[in-house]
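Me: I'd like to go through this one with you, one question at a time. Let's have the sequence and structure up before we begin.

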Amino acid sequence: MSEKLNRMKAQKEKAEQKLRYYQHQEKMLEHRIPELTRKARTHRLCTRGGMLESFLICPEELTDDQVMELLKLSFRQQEVVLALAKMIHDLQEARDIPTLL
């Protein structure tokens, strides 16, 4: 009887050790999420900033305020407002359609 009890205690200890290991792994992965999110955001900002600069003439000579004013003027254009609204609508509609596989 005590041999069976010892075996069960050993199994319990092994299971608790595995639980601690996986809890530690989970904590490490949770800490990586913000880092990966930040890296993705930084990449997106750099990429889109590069796209914007490709359309500007002498971008290094414009101030941040001037670029912001240019963007405000651009995004007030009716064609731009409609195009952006259509893009967002199409993305949302595509997300709502279930795929049939």
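Me: Helices (H or I, at least four residues) are DSSP runs, numbered from the N terminus. Which helix does Met 87 lie in?

Reply: First, this is a predicted model, where local features need pLDDT of at least 70, side-chain atom pairs count only at pLDDT 80 or more, and totals for chains, interfaces and linings use all residues. Residues are numbered from 1 along each chain as its sequence is written, and side-chain values use heavy atoms, without hydrogens or water. With that settled, Met 87 lies in helix α3.

Me: At what angle do α2 and α3 pack?

Reply: Axes are lines fitted to C-alpha atoms over the stretch in contact (heavy atoms within 4.5 Å), with angles from 0 to 180 degrees between N-to-C directions. Helix α2 (residues 64–76) and helix α3 (residues 78–96) have axes 5 Å apart, at an angle of about 75°.

Me: Which residues of α3 make the contact with α2?

Reply: On the α2 side are Ser 74, Phe 75 and Arg 76. Facing them from α3 are Gln 78, Val 80, Val 81 and Leu 84.

Me: Which residue forms a salt bridge with Lys 12?

Reply: A salt bridge is a side-chain nitrogen of Lys or Arg within 4 Å of a carboxyl oxygen of Asp or Glu, and the structure holds 5. The partner lies 4 residues from Lys 12, about one turn of helix α1 (residues 2–55). With the closest N and O atoms 3.9 Å apart, that partner is Glu 16.

Definitions and conventions
Helix = DSSP H or I, 4+ residues; strand = E, 2+ residues; numbered from the N terminus.
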